[in-house]
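Here are my notes on the model you sent, set out as numbered points. They take up the domains, the relation between the copies and the contact they make.

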There are 4 protein chains.
Amino acid sequence: MVILPKPGCTDEQLQEILRLLDSLGYSAHISRGVERTVIGAVGAPDSDRSAAIERLESLPQVERVVPVLKPYKLVSRDFQPQNTVVRVGDIAIGDGSLTVMAGPCTVESRDQLLQTARAVKEAGAKILRGGAYKPSTSPYSFQGLGKEGLELLSEARAETGLPVITEVLDPRDVEVVCEHADILQIGARNMTNFSLLKEVGSTRKPVMLKRGMSATIEEWLHAAEYIATRGNTQILLCERGIRTFETATRNTFDINAIPAVQQLSHLPVVADPSHGTGRRSLVGPVARAAVAAGADAVIVEVHPEPSKALKDGAQSLTFEGFRVMMEELKCIASALGRCM
Amino acid sequence: MVILPKPGCTDEQLQEILRLLDSLGYSAHISRGVERTVIGAVGAPDSDRSAAIERLESLPQVERVVPVLKPYKLVSRDFQPQNTVVRVGDIAIGDGSLTVMAGPCTVESRDQLLQTARAVKEAGAKILRGGAYKPSTSPYSFQGLGKEGLELLSEARAETGLPVITEVLDPRDVEVVCEHADILQIGARNMTNFSLLKEVGSTRKPVMLKRGMSATIEEWLHAAEYIATRGNTQILLCERGIRTFETATRNTFDINAIPAVQQLSHLPVVADPSHGTGRRSLVGPVARAAVAAGADAVIVEVHPEPSKALKDGAQSLTFEGFRVMMEELKCIASALGRCM
Amino acid sequence: MVILPKPGCTDEQLQEILRLLDSLGYSAHISRGVERTVIGAVGAPDSDRSAAIERLESLPQVERVVPVLKPYKLVSRDFQPQNTVVRVGDIAIGDGSLTVMAGPCTVESRDQLLQTARAVKEAGAKILRGGAYKPSTSPYSFQGLGKEGLELLSEARAETGLPVITEVLDPRDVEVVCEHADILQIGARNMTNFSLLKEVGSTRKPVMLKRGMSATIEEWLHAAEYIATRGNTQILLCERGIRTFETATRNTFDINAIPAVQQLSHLPVVADPSHGTGRRSLVGPVARAAVAAGADAVIVEVHPEPSKALKDGAQSLTFEGFRVMMEELKCIASALGRCM
Amino acid sequence: MVILPKPGCTDEQLQEILRLLDSLGYSAHISRGVERTVIGAVGAPDSDRSAAIERLESLPQVERVVPVLKPYKLVSRDFQPQNTVVRVGDIAIGDGSLTVMAGPCTVESRDQLLQTARAVKEAGAKILRGGAYKPSTSPYSFQGLGKEGLELLSEARAETGLPVITEVLDPRDVEVVCEHADILQIGARNMTNFSLLKEVGSTRKPVMLKRGMSATIEEWLHAAEYIATRGNTQILLCERGIRTFETATRNTFDINAIPAVQQLSHLPVVADPSHGTGRRSLVGPVARAAVAAGADAVIVEVHPEPSKALKDGAQSLTFEGFRVMMEELKCIASALGRCM
């Protein structure tokens with residue numbers, strides 16, 4: 001790491017920094033410029049770097065500490081250069097192909113779910129999404145069917161053969177969700193719910209980790225590292241839009257994040273244009289963009305009759321809208337030499 | 001609510017909106033302007049407004065739905081005009097007085113905690129803060145002493161008489177934290193951890209709810225409503241800085257939020273200038289500002305030797321720094337006619 | 001417009017609102033709900049709506065005013081349903097084809113410019129970009145060659161036949177820039193420099209208006225309206241990334257904005273992935289994404305030797321990098337049935 | 001500066017970095033850690049650091065360049081440790097006292113201005129504000145009285161003795177505004193209008209530079225440096241709120257910025273709670289907060305009858321509201337030992 005002492009740092013204060021570095025197991029080198037002095041420090045491989053940075057930054061004579069090594073490890077491409085391929089039955093995500101996951105925001109009824117599952121399968125979706133436990137900003141909103149919703153998802157899988165992805169909200173529900181789901185989803189609101197991350201990290205189910213609404217790419221990878229350190233490295237990173245000042249769309253889909261995170265990490269990236277835009281008329285264009293930018297998978301909300309949806313109707317595609325989108329995605333995937 | 005159909009909405013499409021409103025239990029009135037038509041709709045008192053808004057927004061001919069009523073209720077000043085006073089033993093927060101809570105970011109050891117508890121008490125703090133369960137961005141960082149930390153907090157209370165506030169991260173820990181804490185803290189990272197909100201809402205301990213890093217004031221009040229709907233209305237709202245583009249400070253302390261939320265809600269407001277700035281040299285000025293803006297309480301991090309702190313040393317005050325800040329706060333409180 | 005009086009607004013206060021509406025030429029209708037009252041107001045076609053909103057919001061008994069009509073007119077799709085096609089010589093932007101503009105960030109020398117112009121032309125670029133007047137955050141940075149740069153651009157056009165786009169910073173320079181440029185560029189930093197907008201609005205040159213770093217889509221269209229009201233409607237809207245909390249990239253390219261603005265306005269949209277990402281390795285993926293999302297044109301920075309560039313080297317493509325990107329864009333354009 | 005090569009950077013690539021540093025006049029030192037290599041580089045005092053950083057970042061083998069020296073100079077506290085005091089007649093800003101500037105957003109008429117000038121003077125304001133040239137988001141909004149407005153301001157000064165601050169929008173207007181104003185205001189929308197900054201930097205009038213809506217503190221100081229490099233160092237920095245995701249207030253007043261910028265720069269800081277909040281009911285609390293945080297001056301909008309204001313009525317104080325605020329500010333200033 002590199003330590004920048006404040007201008008006017010005395011020799012004695014400099015020695016204090018060096019003593020602290022020494023006590024933390026770091027060897028240091030001082031560069032004295034005309035106006036400023038800089039300290040480079042190299043630690044033992046197993047030194048606790050984040051604690052060291054915290055302690056150095058606490059010294060009043062230190063202006064800044066610049067970390068050199070990335071703070072996450074298992075999920076970084078420096079650690080594992082080749083792509084992770086997440087496998088769910090026959091489906092592989094991260095091997096260059098394009099996978100589409102689709103289904104209703106929320107499981108509302110047997111009919112609604114089965115009808116949607118059949119329609120998205122026919123149009124080419126490979127995985128069925130559907131929420132049984134729903135995080136809602138308002139306590140007065142529908143919170144999902146819970147266990148009954150999970151059972152309907154199992155039924156839909158049995159009928160269609162589509163593996164199922166569904167969200168888990170509470171560490172106490174991880175076990176029951178694992179019984180029914182093929183992929184566990186961690187929602188944006190829970191990206192920093194570390195108890196939950198540890199719990200899903202202890203399972204052997206693939207996990208789709210949504211980026212928090214105001215999480216930097218680095219923090220998102222930190223959250224993935226929480227899961228990986230528990231032994232579960234079958235992780236999908238899902239970009240679903242970030243919060244910005246723009247109010248014309250529900251979120252701002254961060255298209256830059258797709259190639260940026262693929263350079264930093266070996267994990268596959270999923271794009272969620274439904275939440276990333278919040279408006280049905282923007283889902284198609286942004287799904288196309290995500291595929292063109294290199295997303296490994298796309299997840300979208302589809303509903304038989306969006307104006308009757310209990311949640312997210314405004315961003316849900318109709319069956320027909322989904323079919324059109326799939327045709328477009330096939331064109332782009334094929335133009336880029338990717339199979340779908 | 002007010003519904004704005006898109007320009008070019010046909011009469012038939014308008015009728016569809018009216019039929020949907022009717023089926024949802026709303027009576028409607030149409031205003032036709034030269035260029036645009038507007039529908040006003042009035043619902044039964046018990047109608048599910050958020051579901052109605054979702055469904056109306058799903059119609060392709062609807063441009064926007066403007067809610068008229070606030071989406072939260074129990075925590076709103078419209079519902080309860082007089083201030084809620086949160087009581088912890090003899091201490092009252094929300095009655096016009098100023099309360100200061102202080103202590104280490106993290107409980108590190110018996111000595112560190114007791115020494116700090118004595119120092120902050122002597123300088124005038126009324127409540128002791130200290131983290132036993134710590135949310136950490138990195139899985140490699142210190143995660144707190146857990147149960148042992150809770151016991152040390154109990155010991156510190158026994159010795160100093162200061163009530164204790166500490167964070168709870170996991171719904172499964174609420175019970176044990178309640179045994180040791182006088183106020184439960186919900187951290188910014190868990191503001192939308194609805195399972196946890198429901199769990200603390202079911203206790204009878206006061207809860208300090210930190211604003212999420214990118215939560216609007218409205219979402220913050222929604223989260224408080226989650227707690228209140230479970231029957232626990234002893235809630236403190238804590239402004240701790242929001243995430244913006246500015247990188248010179250750890251967060252941007254939203255000073256506007258203090259009077260804004262006091263106008264919208266009857267709940268007391270606590271200011272956290274330690275996290276709100278992230279830099280020791282800014283904590284004093286921003287604490288003073290928060291008091292001048294009307295905060296009911298201030299919570300700050302204090303450490304016997306910040307450069308040895310395991311966490312947040314850069315934003316922790318020394319004992320001497322804390323004493324200076326307390327003197328300044330007393331001057332301002334007294335100038336504004338508030339006791340401390 | 002719709003006016004929401006505060007809860008507890010008295011009848012007398014309501015009458016005051018109605019009198020104000022009347023004096024502003026609006027006819028009003030009151031809807032009384034169980035808990036809240038709403039006023040709908042319809043104005044004469046020529047009433048000054050923004051002033052009316054300002055005045056209504058100033059009344060203490062008014063909680064909010066919700067405008068119904070869009071605040072811009074000439075640039076809106078409601079006003080002109082069919083696409084504007086911006087024409088520069090033979091080139092048409094906005095007719096469904098894809099146009100690429102490329103060249104150095106800054107005109108540095110005759111050699112650098114001509115070499116780049118030839119290379120980008122060969123690879124398929126249709127318009128040459130290059131900065132003669134450069135806005136620089138620091139006063140110590142290179143500010144461009146000025147008039148000499150303009151002359152070099154004219155020379156490059158003469159040799160290659162490529163029309164030229166270049167930025168104008170100062171209303172006093174509009175005349176001289178018009179002598180040399182085929183398209184005038186208004187940079188992100190000047191999107192709210194209204195003097196400059198009026199000045200370019202008075203010319204008959206096409207204008208490319210970059211979105212301000214923190215401008216909403218609505219404000220961006222307001223700025224375009226400034227140009228249009230002066231009589232110049234040959235306007236290109238350029239998305240170049242917005243400022244968010246994310247620091248891994250220079251800006252956050254707002255992919256949502258491409259289809260969103262195309263729905264709101266008839267003006268063509270240009271994507272600038274160079275500034276939108278700030279990193280060479282992300283330019284290609286985001287350019288592809290922008291085309292897939294429907295951008296009418298793409299503008300990118302290219303330099304013969306980026307590590308010798310005076311500005312923006314880190315985001316400039318090499319000639320080879322540009323050729324690769326062009327091949328990819330052709331694949332995607334062709335897959336979507338667009339010629340290039 | 002410190003250069004971080006990418007992991008996997010070869011020896012040859014490292015040599016290329018060293019050669020570039022050498023050619024730019026920097027001497028370098030390499031630190032090799034177990035996992036990463038770091039280069040420290042020290043330049044000649046007059047080397048062009050921003051160009052050097054640009055060029056280094058352009059090398060594909062460079063991950064990051066960390067500047068060590070601050071990029072601005074004349075306005076930094078490292079360069080001038082003692083506070084700058086800006087003087088306007090008898091009034092000194094930056095000497096520890098508190099100055100209040102007040103007046104209408106926009107000069108609307110002789111009566112409105114004179115009446116307001118008298119009222120704010122009586123309540124203790126020392127400087128009169130008022131807009132003659134108004135930047136408006138919409139081209140259809142009132143753009144100010146222009147030269148007539150300036151003359152009314154001169155008249156108000158003649159009558160009341162209050163010096164006048166007013167905004168200049170266009171470099172071509174600087175001369176005429178200088179004839180009438182005592183302080184030139186650069187608005188938030190023009191903070192990066194470098195032509196205008198240079199022009200006001202060439203005058204000898206004090207300049208109040210508002211922070212741009214999405215400007216970092218560093219960029220704000222860069223803009224001040226533009227003015228200072230032209231020879232004018234009588235600069236006031238005005239915090240007026242930044243743009244964030246929060247929509248409950250017009251802007252988010254960045255209270256942290258007041259002490260943060262005072263630590264970085266010797267220039268006085270002015271707080272604008274009118275624009276910083278956008279709501280009359282929040283202006284008082286945030287003005288008090290700004291004074292408590294250490295602002296050298298406060299600027300607020302006052303109108304005889306806000307609901308008749310052509311602009312910003314919703315955030316304008318009435319005469320009575322202004323008097324109340326002044327009483328509160330006096331209490332706080334006096335509690336902190338500052339005269340007003």
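**Notes on the predicted model**

1. In this predicted model, chain A is assigned two parts, with domain 1 covering 2-66 and domain 2 covering 86-335. Taken over C-alpha atoms, the centres of domain 1 of chain A and domain 2 of chain A are separated by 44 Å.

2. As for the relation between the copies, a turn of 180° with a shift of 0.0 Å along the axis lays chain B on chain A, and the RMSD of that superposition is 0.0 Å. The two copies are therefore related as by a two-fold rotation axis. Within chain B, the C-alpha nearest this axis belongs to S214(B), which lies 3.0 Å from it. The same surface serves both copies, since 98% of the contact residues of chain B recur in chain A.

3. Turning to the contact itself, chain B contributes 43 residues and chain A contributes 42 residues. On the side of chain B that touches chain A, the elements giving two or more residues are three helices of chain B, namely α2 (49-58), α6 (194-201) and α7 (217-229). Of the elements on that side, α2(B) gives the most, with six residues.

4. The make-up of this side deserves a separate remark. Sorted by class, the side of chain B that touches chain A holds 17 nonpolar, 14 polar and twelve charged residues.

5. One point could be added to the description of the contact. The size of an interface is often given as the accessible area lost when the parts come together, whereas the contact is described here by its residues, 43 from chain B and 42 from chain A.

Technical notes:
Residues are numbered from 1 along each chain as its sequence is written. Chains are lettered from A and ligands numbered from 1 in the order in which they are written. This is a predicted model: local features need pLDDT of at least 70, side-chain atom pairs count only at pLDDT 80 or more; totals for chains, interfaces and linings use all residues. Copies are superposed by least squares on the C-alpha atoms of residues with pLDDT of at least 70 in both. Two residues are in contact if their C-beta atoms, placed from the backbone, lie within 7 Å. Domain bounds come from an automatic or database domain assignment. Helices (H or I, at least four residues) and strands (E, at least two) are DSSP runs, numbered from the N terminus. Ala, Val, Leu, Ile, Met, Phe, Trp, Tyr, Cys and Pro count as nonpolar, Asp, Glu, Lys and Arg as charged, and the others, Gly among them, as polar.
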